[in-house]
Amino acid sequence: MLDSVLGRLARQHDPNVLVGFDTADDAGVYLVAPDLALVQTVDFFTPIVDDPFTFGQIAATNALSDVYAMGGTPVSALAMVCFPEKADPSILEQILSGGLSKMVEAACTVIGGHSIRDPEIKFGYAVTGTINPGRVLTNGGAKPGDALVFTKALGTGVISTAIKRGVAEPAWIEAATASMTTLNRAACAAALRHDAHAMTDVTGFGLMGHAREMALASGVSLTFFAKKIVALPGALEAIAQKLIPGGLNANRDFVECMVTFGDSVTDAIRTLVFDPQTAGGLLISAPASDAEALVTDLHQSGVPSAAIIGEVTASDKPQLRVE
């Protein structure tokens with residue numbers, strides 16, 4: 001729905017807008033000086049885990065991710081809070097404390113925010129970062145011959161559904177929480193060190209949804225290697241138990257027309273690639289000659305799930321393949 005609405009809006013013509021919403025990129029980029037641009041993004045959502053402090057951490061990690069996905073450095077943030085009038089204030093304090101802990105880790109200063117009364121808790125941030133205008137990593141720079149590197153395991157959506165239904169095993173929760181509270185800062189730095197051509201973070205639209213945006217923006221096709229895609233512990237088991245979030249089905253309905261699957265790709269992987277992620281990993285399009293070195297750098301930088309999961313080819317139909 002959002003895709004169709006944005007497509008009908010009138011475009012503002014400002015030469016200082018380096019990245020707007022035309023290509024569904026992760027954040028906006030606005031030029032303020034010849035050697036300086038601002039990266040701006042906003043993200044908030046309802047709780048996906050039971051612990052308030054952890055929820056705050058996840059919300060902050062997720063909001064910061066869009067700045068890292070552009071190759072930027074977060075510098076300031078504004079909190080956004082929706083909270084029930086009669087709820088325990090200590091819950092709100094824990095949420096804010098969790099978010100602040102991640103903002104401190106990212107060296108991003110919370111300078112204010114806005115709150116409203118709402119029957120349903122929602123929390124997140126508007127984040128502003130800085131970036132060199134000559135080194136912006138958009139989703140539109142992928143080139144045929146590039147390798148596709150992904151930095152986290154998939155499955156936070158189905159595991160969050162398992163948590164909500166009270167059937168998630170402790171090991172599943174622990175692994176998913178660790179993933180959702182890990183900043184993409186180190187992954188971003190590694191991508192910049194290895195001269196990546198394009199980058200995006202995989203969040204609510206799932207791997208295929210964000211791959212679609214990269215393929216369309218870059219004018220290329222993307223092929224993914226099913227056996228190289230890493231799943232979080234419990235993700236495939238959750239899929240087998242039909243613990244499917246509504247967002248996964250929405251992603252599949254929207255993107256599946258652009259995707260073909262090889263005969264050997266399992267039903268579980270065919271589902272997992274549409275799973276909506278929270279604070280997901282970075283999908284990096286990098287020169288194939290440097291991809292192995294990039295993965296090694298990522299592993300040494302504390303990004304253990306990083307792997308080469310695909311390749312970029314010349315534009316063709318279908319634009320997305322999972323083999």
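**Second largest pocket**

I began with the lining of the second largest pocket, in what is a predicted model. I find 18 residues lining this pocket. Nearest its centre lie Lys-152, Thr-182, Gly-302, Val-303 and Pro-304. Two elements, α5 (170–180) and α6 (185–193), give two or more residues to the lining. I looked up the volume next, and it is about 280 Å³. I then sorted the lining by class: nine residues are nonpolar, six are polar and three are charged.

**Largest pocket**

I turned to the largest pocket, with a volume of about 1500 Å³. Its lining takes in 47 residues. Which of them lie nearest the centre? I noted Leu-2, Thr-203, Gly-204, Phe-205 and His-210. The elements that give two or more residues here are α1 (2–8), β3, α2 (52–69), α4 (156–164), α7 (206–218) and α9 (246–255). By class I read 18 nonpolar, 19 polar and ten charged residues in this lining.

**Ala-279**

I looked up Ala-279 next. I found Ala-279 in the loop between α10 (267–272) and β11 (282–287). Is Ala-279 buried or exposed? Its relative accessible area is 2%, so Ala-279 is buried. I then listed its contacts, leaving aside neighbours within four places in sequence. Ala-279 touches Ile-58, Thr-61, Asn-62, Lys-152, Ser-179, Met-180 and Thr-203. Two of these names were already in my notes: Lys-152 is among the residues nearest the centre of the second largest pocket, and Thr-203 is among those nearest the centre of the largest pocket. I also checked Leu-183, which is 96 residues away from Ala-279 along the chain. The C-alpha atoms of Ala-279 and Leu-183 are separated by 8.1 Å.

**Backbone angles**

I stayed with Ala-279 for its backbone. Its phi is near 50°, a positive value in a residue other than glycine. I keep the general rule beside this: most residues other than glycine have a negative phi, and most peptide bonds are trans. I noted Ala-107 as well, with a positive phi of about 55° although it is not a glycine. Ala-107 also sits in a loop, the one between α3 and β5. Is Ala-107 buried or exposed? Ala-107 counts as exposed because its relative accessibility is 59%, whereas Ala-279 is buried.

I looked up one peptide bond too. The bond joining Lys-317 and Pro-318 is cis, with omega at about -5°. I place Pro-318 in the loop between β12 (307–314) and β13 (320–322).

**Strand β7**

I went to strand β7 (residues 146–150) and asked how many of its five residues are buried. I count five of five as buried. Both faces of β7 are covered. On one side are Asp-146, Leu-148 and Phe-150; on the other are Ala-147 and Val-149.

Which way does β7 run against β11? I find the two antiparallel, joined by five bridges. Ala-147 stands opposite Ala-286 in β11. I then checked β12, which also runs antiparallel to β7, with four bridges between them. There, Val-149 has Ile-308 as its bridge partner.

**The six-stranded sheet**

I traced an open sheet of six strands last. Its order is β1-β2-β3-β6-β4-β5, and the pairing is mixed. Which strands stand at the edges? I find β1 (17–19) and β5 (109–117) there, each pairing on one side only. The twist from one strand to the next averages 25°. I note for background that strands of a sheet pair through backbone hydrogen bonds, either parallel or antiparallel.

I looked at one pair in this sheet in detail. Strand β2 (residues 28–33) and strand β3 (residues 36–45) run antiparallel and are joined by five bridges. Val-29 stands opposite Val-39 in β3. I had met β3 before, as one of the elements giving two or more residues to the lining of the largest pocket.

What lies across β4 (73–83), β5 and β6 (122–131)? I find helix α3 (residues 89–105) there, running at about 20° to β6.

Notes. Residues numbered from 1 in each chain as written. Predicted model: local features only at pLDDT ≥ 70, side-chain atom pairs only at ≥ 80, totals over all residues. Heavy atoms only, no water. Pairing = 2+ DSSP bridges. Axes fitted to C-alpha atoms, helices over the stretch in contact; angles between N-to-C directions. Contact = heavy atoms within 4.5 Å. Buried < 20%, exposed > 50% of the residue type's maximum accessible area, 1.4 Å probe, protein only. 1 Å grid on protein atoms, 1.4 Å probe; cavity = no way out; pocket = protein on both sides within 12 Å on 5 of 7 lines; lining within 4 Å. Points joined across faces, edges and corners; volume = space filled by probe spheres on them. Nonpolar A, V, L, I, M, F, W, Y, C, P; charged D, E, K, R; others polar.
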